[in-house]
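The exercises below concern the chain shown here. Please work through each task with the sequence and the structure at hand before reading its solution.

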Amino acid sequence: MAGGWRRRARALAPWLLALLLALALGAKLIHHAQVARALLHPPRTPVLAADLALAQQALHGGVQPVTFATADGLLLQGWYKPSRTGAVVIFVHGGQGNRLWFLAQAQALAERGIGVLLYDSRASGNSEGDTQTWGDLEQEDLSAALNWVSARPDADPRRLGAEGFSIGASTVCMVAASDPRIKAVVLHNMWSSLDDELSYKSGSALSTWLLWLDFWWAGIDPDRVQPARVIHQIAPRPLRLVAAEGDHDTPIAVEQALFERAGQPKALWRIPGADHVDYREHGGDALRQGIAQFFAKSL
(Lines give C-alpha, C1' and ligand atoms only; values in the text may rest on other atoms or scores of the structure.)
Protein backbone atom coordinates (compact mmCIF):
# COMPACT_ATOMS: atom_id res chain seq x y z
CA MET A 1 0.00 0.00 0.00
CA ALA A 2 2.74 2.47 0.96
CA GLY A 3 4.62 1.84 -2.26
CA GLY A 4 1.49 2.42 -4.31
CA TRP A 5 0.84 5.71 -2.54
CA ARG A 6 4.38 6.89 -3.24
CA ARG A 7 4.07 5.99 -6.90
CA ARG A 8 0.83 7.94 -7.20
CA ALA A 9 2.37 10.93 -5.37
CA ARG A 10 5.36 10.93 -7.72
CA ALA A 11 3.02 10.81 -10.71
CA LEU A 12 0.91 13.68 -9.38
CA ALA A 13 3.83 15.88 -8.31
CA PRO A 14 4.53 17.43 -11.77
CA TRP A 15 0.84 18.24 -12.18
CA LEU A 16 0.63 19.80 -8.74
CA LEU A 17 3.74 21.86 -9.46
CA ALA A 18 2.29 22.99 -12.78
CA LEU A 19 -0.95 23.97 -11.04
CA LEU A 20 0.90 26.01 -8.42
CA LEU A 21 2.94 27.76 -11.09
CA ALA A 22 -0.21 28.51 -13.08
CA LEU A 23 -1.89 29.95 -9.99
CA ALA A 24 1.15 32.08 -9.21
CA LEU A 25 1.32 33.35 -12.79
CA GLY A 26 -2.39 34.08 -12.76
CA ALA A 27 -2.07 36.07 -9.56
CA LYS A 28 0.89 37.96 -11.06
CA LEU A 29 -1.08 38.82 -14.21
CA ILE A 30 -4.11 39.95 -12.22
CA HIS A 31 -1.93 42.21 -10.08
CA HIS A 32 -0.21 43.55 -13.19
CA ALA A 33 -3.54 44.32 -14.85
CA GLN A 34 -4.56 46.33 -11.79
CA VAL A 35 -1.28 48.26 -11.80
CA ALA A 36 -1.47 48.96 -15.52
CA ARG A 37 -5.03 50.21 -15.25
CA ALA A 38 -4.07 52.56 -12.41
CA LEU A 39 -1.19 53.95 -14.49
CA LEU A 40 -3.11 54.38 -17.75
CA HIS A 41 -6.61 55.11 -16.45
CA PRO A 42 -6.17 56.76 -13.06
CA PRO A 43 -9.16 58.05 -11.10
CA ARG A 44 -10.04 61.62 -11.91
CA THR A 45 -10.12 64.52 -9.49
CA PRO A 46 -12.86 66.70 -10.99
CA VAL A 47 -12.83 70.48 -10.79
CA LEU A 48 -15.95 71.68 -8.98
CA ALA A 49 -17.91 74.92 -9.21
CA ALA A 50 -16.58 75.90 -5.79
CA ASP A 51 -13.04 75.59 -7.13
CA LEU A 52 -13.65 78.43 -9.57
CA ALA A 53 -14.59 80.68 -6.65
CA LEU A 54 -11.35 79.64 -4.98
CA ALA A 55 -9.41 80.54 -8.12
CA GLN A 56 -11.16 83.90 -8.40
CA GLN A 57 -10.13 84.69 -4.83
CA ALA A 58 -6.53 83.52 -5.28
CA LEU A 59 -6.02 85.33 -8.58
CA HIS A 60 -7.92 88.48 -7.53
CA GLY A 61 -10.79 88.06 -9.97
CA GLY A 62 -10.98 88.06 -13.73
CA VAL A 63 -10.50 84.29 -14.09
CA GLN A 64 -12.16 82.99 -17.26
CA PRO A 65 -13.22 79.36 -17.78
CA VAL A 66 -11.83 78.30 -21.15
CA THR A 67 -12.09 75.36 -23.53
CA PHE A 68 -9.73 74.51 -26.38
CA ALA A 69 -9.28 71.55 -28.70
CA THR A 70 -6.24 69.37 -29.30
CA ALA A 71 -5.04 68.29 -32.72
CA ASP A 72 -6.44 64.81 -32.07
CA GLY A 73 -9.89 66.15 -31.27
CA LEU A 74 -10.14 66.31 -27.46
CA LEU A 75 -11.68 69.25 -25.64
CA LEU A 76 -9.63 70.45 -22.68
CA GLN A 77 -10.98 72.58 -19.84
CA GLY A 78 -9.08 75.27 -17.97
CA TRP A 79 -8.92 78.70 -16.41
CA TYR A 80 -7.27 81.78 -17.82
CA LYS A 81 -6.26 84.92 -15.99
CA PRO A 82 -5.47 87.59 -18.62
CA SER A 83 -2.08 89.26 -18.67
CA ARG A 84 -1.45 92.88 -17.79
CA THR A 85 2.13 92.81 -19.08
CA GLY A 86 1.88 90.66 -22.22
CA ALA A 87 3.70 87.75 -20.54
CA VAL A 88 1.82 84.47 -19.94
CA VAL A 89 2.84 81.21 -18.22
CA ILE A 90 1.14 77.88 -18.99
CA PHE A 91 1.02 75.25 -16.24
CA VAL A 92 0.96 71.46 -16.78
CA HIS A 93 0.07 69.32 -13.76
CA GLY A 94 1.21 65.77 -13.03
CA GLY A 95 -0.54 62.40 -13.05
CA GLN A 96 -3.90 62.12 -11.29
CA GLY A 97 -3.91 65.89 -10.83
CA ASN A 98 -5.81 68.79 -12.28
CA ARG A 99 -5.44 72.53 -12.87
CA LEU A 100 -5.58 73.28 -9.12
CA TRP A 101 -2.08 71.86 -8.58
CA PHE A 102 -0.37 75.10 -9.60
CA LEU A 103 -2.94 77.58 -8.28
CA ALA A 104 -0.66 78.98 -5.55
CA GLN A 105 2.16 79.40 -8.05
CA ALA A 106 -0.23 81.08 -10.49
CA GLN A 107 -1.20 83.52 -7.74
CA ALA A 108 2.42 84.62 -7.33
CA LEU A 109 2.60 85.32 -11.07
CA ALA A 110 -0.77 87.05 -11.33
CA GLU A 111 0.29 89.45 -8.58
CA ARG A 112 3.04 90.57 -10.96
CA GLY A 113 0.61 91.07 -13.83
CA ILE A 114 1.69 87.91 -15.65
CA GLY A 115 -1.15 86.00 -17.29
CA VAL A 116 -1.67 82.34 -16.39
CA LEU A 117 -3.33 79.40 -18.08
CA LEU A 118 -4.13 76.42 -15.88
CA TYR A 119 -5.78 73.49 -17.65
CA ASP A 120 -6.66 69.84 -17.09
CA SER A 121 -4.59 67.51 -19.26
CA ARG A 122 -6.35 64.76 -21.17
CA ALA A 123 -8.00 62.11 -18.98
CA SER A 124 -7.71 64.48 -16.00
CA GLY A 125 -9.98 66.88 -14.18
CA ASN A 126 -12.85 67.91 -16.46
CA SER A 127 -11.07 67.41 -19.79
CA GLU A 128 -11.94 64.73 -22.32
CA GLY A 129 -9.95 61.55 -22.88
CA ASP A 130 -9.65 58.33 -20.92
CA THR A 131 -5.95 57.43 -21.16
CA GLN A 132 -3.04 59.06 -19.35
CA THR A 133 -0.11 58.72 -21.76
CA TRP A 134 2.72 59.78 -19.44
CA GLY A 135 3.93 62.77 -21.44
CA ASP A 136 3.37 61.38 -24.93
CA LEU A 137 0.03 62.70 -26.20
CA GLU A 138 -0.02 65.29 -23.43
CA GLN A 139 2.37 67.14 -25.72
CA GLU A 140 -0.60 67.68 -28.03
CA ASP A 141 -2.41 69.26 -25.08
CA LEU A 142 0.38 71.75 -24.42
CA SER A 143 0.72 72.59 -28.11
CA ALA A 144 -3.02 73.32 -28.21
CA ALA A 145 -2.64 75.52 -25.12
CA LEU A 146 0.20 77.43 -26.78
CA ASN A 147 -1.93 77.96 -29.88
CA TRP A 148 -4.82 79.21 -27.78
CA VAL A 149 -2.72 81.62 -25.71
CA SER A 150 -0.83 82.91 -28.76
CA ALA A 151 -4.12 84.11 -30.24
CA ARG A 152 -5.11 86.05 -27.14
CA PRO A 153 -5.11 89.85 -27.60
CA ASP A 154 -3.59 90.40 -24.16
CA ALA A 155 -0.74 87.92 -24.70
CA ASP A 156 2.54 88.66 -26.43
CA PRO A 157 3.47 85.43 -28.29
CA ARG A 158 7.13 86.37 -27.81
CA ARG A 159 6.71 86.25 -24.00
CA LEU A 160 5.33 82.80 -23.16
CA GLY A 161 6.64 80.49 -20.45
CA ALA A 162 5.75 77.00 -19.26
CA GLU A 163 6.00 75.14 -15.96
CA GLY A 164 5.33 71.45 -15.36
CA PHE A 165 5.36 68.86 -12.58
CA SER A 166 6.30 65.18 -12.97
CA ILE A 167 4.49 63.89 -16.10
CA GLY A 168 3.70 67.52 -16.81
CA ALA A 169 7.39 68.37 -16.58
CA SER A 170 8.23 65.70 -19.16
CA THR A 171 5.51 67.18 -21.36
CA VAL A 172 6.86 70.72 -21.01
CA CYS A 173 10.46 69.63 -21.61
CA MET A 174 9.64 67.73 -24.79
CA VAL A 175 7.54 70.55 -26.26
CA ALA A 176 9.93 73.34 -25.22
CA ALA A 177 12.84 71.51 -26.85
CA SER A 178 11.16 71.78 -30.25
CA ASP A 179 8.81 74.76 -29.95
CA PRO A 180 10.62 78.13 -29.72
CA ARG A 181 7.43 79.87 -28.61
CA ILE A 182 8.25 78.78 -25.05
CA LYS A 183 10.80 81.35 -23.85
CA ALA A 184 11.35 80.22 -20.22
CA VAL A 185 10.89 76.85 -18.53
CA VAL A 186 10.49 75.48 -14.98
CA LEU A 187 10.49 71.69 -14.49
CA HIS A 188 9.62 69.96 -11.20
CA ASN A 189 10.60 66.37 -10.30
CA MET A 190 11.06 65.06 -13.85
CA TRP A 191 12.30 61.66 -15.01
CA SER A 192 15.05 61.26 -17.62
CA SER A 193 12.83 59.07 -19.83
CA LEU A 194 9.68 57.03 -19.72
CA ASP A 195 11.79 53.89 -20.18
CA ASP A 196 13.85 54.70 -17.08
CA GLU A 197 10.80 55.60 -15.03
CA LEU A 198 8.89 52.40 -15.74
CA SER A 199 11.98 50.24 -15.19
CA TYR A 200 12.54 51.91 -11.82
CA LYS A 201 8.92 51.53 -10.74
CA SER A 202 8.34 48.00 -12.04
CA GLY A 203 10.93 46.24 -9.92
CA SER A 204 11.60 43.38 -12.34
CA ALA A 205 12.34 42.77 -16.01
CA LEU A 206 9.10 40.79 -16.41
CA SER A 207 6.97 43.54 -14.89
CA THR A 208 8.64 46.16 -17.09
CA TRP A 209 8.08 44.05 -20.20
CA LEU A 210 4.42 43.52 -19.33
CA LEU A 211 3.93 47.23 -18.70
CA TRP A 212 5.44 48.10 -22.03
CA LEU A 213 2.99 45.74 -23.72
CA ASP A 214 0.14 47.63 -22.04
CA PHE A 215 1.60 51.01 -22.95
CA TRP A 216 2.17 49.90 -26.54
CA TRP A 217 -1.39 48.60 -26.73
CA ALA A 218 -2.59 52.00 -25.45
CA GLY A 219 -0.72 53.71 -28.31
CA ILE A 220 2.02 55.27 -26.19
CA ASP A 221 5.35 55.90 -27.94
CA PRO A 222 8.29 55.83 -25.47
CA ASP A 223 10.56 57.59 -27.94
CA ARG A 224 8.38 60.69 -27.59
CA VAL A 225 9.10 60.90 -23.84
CA GLN A 226 12.88 61.24 -23.60
CA PRO A 227 13.66 64.47 -21.69
CA ALA A 228 17.33 63.57 -21.17
CA ARG A 229 17.83 63.43 -24.92
CA VAL A 230 16.38 66.86 -25.65
CA ILE A 231 16.76 69.02 -22.54
CA HIS A 232 19.91 70.65 -23.98
CA GLN A 233 17.79 71.98 -26.86
CA ILE A 234 15.96 74.37 -24.53
CA ALA A 235 19.11 76.52 -24.32
CA PRO A 236 19.74 79.42 -24.67
CA ARG A 237 16.29 79.98 -23.19
CA PRO A 238 16.46 80.10 -19.36
CA LEU A 239 15.69 76.89 -17.48
CA ARG A 240 15.08 76.07 -13.82
CA LEU A 241 14.89 72.54 -12.44
CA VAL A 242 13.21 71.95 -9.06
CA ALA A 243 14.10 68.73 -7.24
CA ALA A 244 12.82 67.24 -3.98
CA GLU A 245 15.86 65.88 -2.12
CA GLY A 246 13.85 63.10 -0.45
CA ASP A 247 11.89 62.11 -3.57
CA HIS A 248 11.17 58.36 -3.55
CA ASP A 249 9.43 58.55 -6.94
CA THR A 250 12.10 60.50 -8.85
CA PRO A 251 15.49 60.21 -7.10
CA ILE A 252 17.55 63.36 -6.73
CA ALA A 253 20.34 61.73 -8.76
CA VAL A 254 18.02 61.72 -11.78
CA GLU A 255 17.48 65.48 -11.45
CA GLN A 256 21.20 66.10 -11.05
CA ALA A 257 21.95 64.14 -14.23
CA LEU A 258 19.31 66.09 -16.15
CA PHE A 259 20.73 69.35 -14.88
CA GLU A 260 24.17 68.39 -16.11
CA ARG A 261 22.78 67.64 -19.57
CA ALA A 262 20.97 70.99 -19.83
CA GLY A 263 22.52 74.02 -21.47
CA GLN A 264 22.99 77.48 -20.02
CA PRO A 265 21.41 79.52 -18.54
CA LYS A 266 20.17 77.05 -15.94
CA ALA A 267 19.81 76.47 -12.21
CA LEU A 268 18.84 73.54 -9.99
CA TRP A 269 16.75 74.35 -6.94
CA ARG A 270 16.90 71.52 -4.37
CA ILE A 271 14.13 71.33 -1.75
CA PRO A 272 15.47 69.75 1.49
CA GLY A 273 13.24 67.21 3.24
CA ALA A 274 10.69 67.11 0.42
CA ASP A 275 9.21 64.06 -1.29
CA HIS A 276 7.60 63.91 -4.72
CA VAL A 277 4.26 65.54 -3.95
CA ASP A 278 5.00 67.72 -0.91
CA TYR A 279 7.76 69.89 -2.39
CA ARG A 280 5.35 72.84 -2.54
CA GLU A 281 4.83 72.79 1.21
CA HIS A 282 8.55 72.39 1.92
CA GLY A 283 9.53 75.01 -0.66
CA GLY A 284 6.91 77.39 0.66
CA ASP A 285 6.63 81.03 -0.31
CA ALA A 286 10.35 81.26 -1.03
CA LEU A 287 9.99 78.75 -3.86
CA ARG A 288 6.82 80.35 -5.23
CA GLN A 289 8.29 83.84 -5.20
CA GLY A 290 11.60 82.62 -6.63
CA ILE A 291 9.81 81.04 -9.58
CA ALA A 292 7.65 84.13 -10.06
CA GLN A 293 10.75 86.33 -10.11
CA PHE A 294 12.40 83.96 -12.59
CA PHE A 295 9.49 84.26 -15.02
CA ALA A 296 9.14 88.01 -14.51
CA LYS A 297 12.82 88.46 -15.37
CA SER A 298 12.92 85.92 -18.21
CA LEU A 299 9.72 87.05 -19.95
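**Exercise 1. Backbone conformation in loops**

Gln96 lies in the loop between strand E3 (88-92) and H3; helices (H or I, at least four residues) and strands (E, at least two) are DSSP runs, numbered from the N terminus. The model is predicted, with local features requiring pLDDT of at least 70 and side-chain atom pairs pLDDT 80 or more, while totals for chains, interfaces and linings use all residues. Residues are numbered from 1 along each chain as its sequence is written, and side-chain values use heavy atoms, leaving out hydrogens and water.

Task: determine the sign of phi for Gln96 and for Asn189, and state how accessible Gln96 is and how accessible Asn189 is.

Solution.
- Step 1. Gln96 is not a glycine, and its phi is positive, near 60°.
- Step 2. Gln96 has 47% relative accessibility and therefore counts as partly exposed; buried means under 20% relative accessible area, exposed over 50%, and partly exposed in between (1.4 Å probe, protein chains only).
- Step 3. Asn189, also not a glycine, has a positive phi of about 50°. Its place is the loop between strand E6 (182-188) and helix H6 (194-202).
- Step 4. With a relative accessible area of 2%, Asn189 is buried.

**Exercise 2. Cis peptide bonds**

Task: locate the cis peptide bond that involves Pro236 and the one that involves Pro265.

Solution.
- Step 1. Ala235 and Pro236 are joined by a cis peptide bond with omega of about 10°. Pro236 is in the loop between helix H8 (227-230) and strand E7 (239-244).
- Step 2. Gln264 and Pro265 are likewise joined by a cis peptide bond, with omega about 0°. Pro265 is in the loop between helix H9 (252-261) and strand E8 (266-271).

**Exercise 3. Packing of H3 against H10**

Task: describe how H3 and H10 pack.

Solution.
- Step 1. Two packed helices are described by the angle between their axes and the distance between the axes.
- Step 2. Helix H3 (residues 103-110) and helix H10 (residues 279-298) pack at about 50°, with axes 9 Å apart. Axes are lines fitted to C-alpha atoms, for helices over the stretch in contact, and angles run from 0 to 180 degrees between N-to-C directions.
- Step 3. H3 is therefore oblique to H10; angles under 35 degrees count as roughly parallel, over 145 as roughly antiparallel, 65 to 115 as roughly perpendicular and the rest as oblique.
- Step 4. From H3, Ala104, Gln105, Ala108 and Leu109 meet Leu287, Arg288, Gln289, Ile291, Ala292 and Phe295 of H10, where contact means heavy atoms within 4.5 Å.

**Exercise 4. A buried aspartate and the nonpolar core**

Task: give the surroundings of Asp141, then identify the core residues that touch the most other members.

Solution.
- Step 1. Asp141 lies in helix H4 (residues 138-150) and counts as buried because its relative accessibility is 0%.
- Step 2. Beyond its neighbours within four places in sequence, Asp141 contacts Phe68, Thr70, Leu76, Tyr119, Ser121 and Arg122.
- Step 3. The largest nonpolar core has 42 residues, of which Leu117, Tyr119, Leu142, Leu187 and Ile231 touch the most other members. Such a core is a set of buried Ala, Val, Leu, Ile, Met, Phe, Trp, Tyr and Cys residues joined through side-chain atoms within 4.5 Å.
- Step 4. Helix H5 (residues 167-178) supplies the largest share of this core, seven residues.
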